[in-house]
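Grab a pencil and work through these exercises with the model open beside you. Each one sets a task and then walks through a solution.

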Amino acid sequence: MAHLKAKLAVLLLVGSALAQKPAETAEVRPLLPTWKCTNSGGCVKQNTSVVLDFEYRDVHVAGGKATCKTGNKLIQSQCPNAATCATNCVVEPADYRAMGVSTSGNALTMYHYVKDSSGKLFNASPRVYLLDETKGEYVMMNLLGKELTVDVDLSTLPCGENGAFYLSEMVADGSKNPGQYNINGARMGNGYCDAQCQGYCCNEMDILEANSQANVFTGHPCKGDNCDKGGCGYNPYSGGQRNFYGPGKTIDTSKPFTAVTQFVASGGKLTQITRKYIQNGRTTNSPGSITGCGSESGTGGLVGMGAALDRGMVLAMSIWNDAAQNMAWLDSDGNGPCAKGQGTPSNIQSQRPDTHVVFSNIKWGDIGSTTK
């Protein structure tokens, strides 16, 4: 499950940036070109970037240092409404590189741990969303009957770490977030939601939650505020395929590979979620797929998940670890080869402080069109 990652202990500012009123704030986001594809017309390059979640920005009282928010929530006394918030508070642009986020060409790299100005390692654990730079809104991927493809390098992610590539049914302008005024909406990474009801409850489709030892893809449909938090997913290791995924295995995670996720539909309804992998020019089908997802009358089931994919969902990417469960649901306790307790955050920070994930060459469109 794509949980909200560790809270920032240190909020970093762009040193040369001028503080702006919330409604006026602008920032330079890392560009990340992606491609939208059809079988008839090929792939068309999109003018896209990544935007950090609102939690990673400093919002403070005008002329002072006192904060105007706690976590990703604005303080009601400072920001009871849009007009008052714009008068009382200023927001600083995010320093993406200081938060472990950078792009090069069509590749996004995210580091979990980053050194601050004093050289001390701190827990950045960034989360970003795909933004349409032309519209200033989130890219809405309509994927029912379509596929989503990404190249991924998870080679430095040990037990307990999670490089997450997933979809959330956020609204395009980032304006929905009950109980708070959203500063600049999508352009400031506002409006997050997921099936764990962080921000608010919404449909979530985990395309790839993975490290070098294990991976899973999982649907989390919601009907209103009733969400399938556990979800319906497929993990090769827990499915009995112990030699399928990992360093030196069929899908060799010591090297980059391509993950293609297909949302097969019939009669306008989602019937199956399948996965195939491409590595070294060889295509390998996942040994399992998702053909059901709980009750339609309860959380919406597979049909409800398909309806969300048809309406459009927002691509989120993150890197995180799990102090509560040490990611056991992903890579240990029968879900992967990791020993119990091996994936603690303290182990990761001391043994693999360089842990990072690379997502690149993102394409979506007609089934079969993204890998031609």
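## Exercise 1: Disulfides

Cys-68 and Cys-89 are joined by a disulfide, with an S to S distance of 2.1 Å. Before going on, keep in mind that this is a predicted model, where local features need pLDDT of at least 70, side-chain atom pairs count only at pLDDT 80 or more, and totals for chains, interfaces and linings use all residues. Residues are numbered from 1 along each chain as its sequence is written, and side-chain values use heavy atoms, with hydrogens and water left out.

**Task.** Work out the handedness of the disulfide between Cys-68 and Cys-89, and say which parts the pair ties together.

**Solution.**
- Step 1: get the criterion straight. A disulfide here is a pair of cysteine sulfur atoms within 2.5 Å.
- Step 2: check the torsion. About the S-S bond of Cys-68 and Cys-89 it is about -90°, so this disulfide is left-handed.
- Step 3: place the ends. Cys-68 sits in the loop between β4 and β5 (69-70) and Cys-89 in strand β7 (residues 89-91), so the pair ties together parts that are 21 residues apart in sequence. (Strands are DSSP runs of E with at least two residues, helices are runs of H or I with at least four, and both are numbered from the N terminus.)
- Step 4: look at burial. Cys-68 has a relative accessible area of 0% and is buried; Cys-89 is buried too, at 0%. (Buried means under 20% relative accessible area, exposed over 50%, and partly exposed in between, with a 1.4 Å probe and protein chains only.)

**Task.** Now find the handedness of the disulfides Cys-193 to Cys-202 and Cys-222 to Cys-227.

**Solution.**
- Step 1: the sulfur atoms of Cys-193 and Cys-202 are 2.1 Å apart, and the torsion about their S-S bond is about 90°, so that disulfide is right-handed.
- Step 2: for Cys-222 and Cys-227 the sulfur atoms are 2.1 Å apart. Their torsion is about 110°, so this disulfide is right-handed.
- Step 3: on accessibility, Cys-193 is buried at 0% and Cys-202 is buried at 6%. Both Cys-222 and Cys-227 are buried as well.
- Step 4: for the wider picture, a search of the whole structure turns up eight disulfides.

## Exercise 2: Helix α2 and Arg-311

**Task.** Which residues of helix α2 are buried, and what covers them?

**Solution.**
- Step 1: α2 spans residues 301-311, and its buried residues are Gly-301, Leu-302, Gly-304, Met-305, Gly-306, Ala-308 and Leu-309.
- Step 2: recall the geometry. An α-helix has 3.6 residues a turn, so residues three or four places apart point the same way.
- Step 3: the cover over the buried residues of α2 includes β15 (161-168), β16 (204-210), β17 (215-220), β23 (257-266) and β24 (269-279).
- Step 4: just past α2, Gly-312 has a positive phi of about 120°.

**Task.** Find what Arg-311 touches.

**Solution.**
- Step 1: Arg-311 is part of helix α2.
- Step 2: setting aside neighbours within four places in sequence, Arg-311 is in contact with Asn-142, Glu-169 and Asn-203. (Contact means heavy atoms within 4.5 Å.)
- Step 3: the side chains of Arg-311 and Glu-169 share a polar contact of 2.6 Å. (That is a pair of N or O atoms within 3.5 Å; within protein, one must be able to donate a hydrogen and the other to accept it, and residues adjacent in sequence count only if both atoms are side-chain atoms.)

## Exercise 3: Positive phi

**Task.** Compare the settings of Ser-125 and Asn-280. Is each one buried or exposed?

**Solution.**
- Step 1: start from the rule. Most residues other than glycine have a negative phi.
- Step 2: Ser-125 is not a glycine, yet has a positive phi of about 45°. Asn-280, also not a glycine, has one of about 55°.
- Step 3: Ser-125 lies in the loop between β11 (121-123) and β12 (127-132), and at 1% relative accessibility counts as buried.
- Step 4: Asn-280 lies in the loop between β24 and β25 (282-285) and is exposed, with a relative accessible area of 70%.
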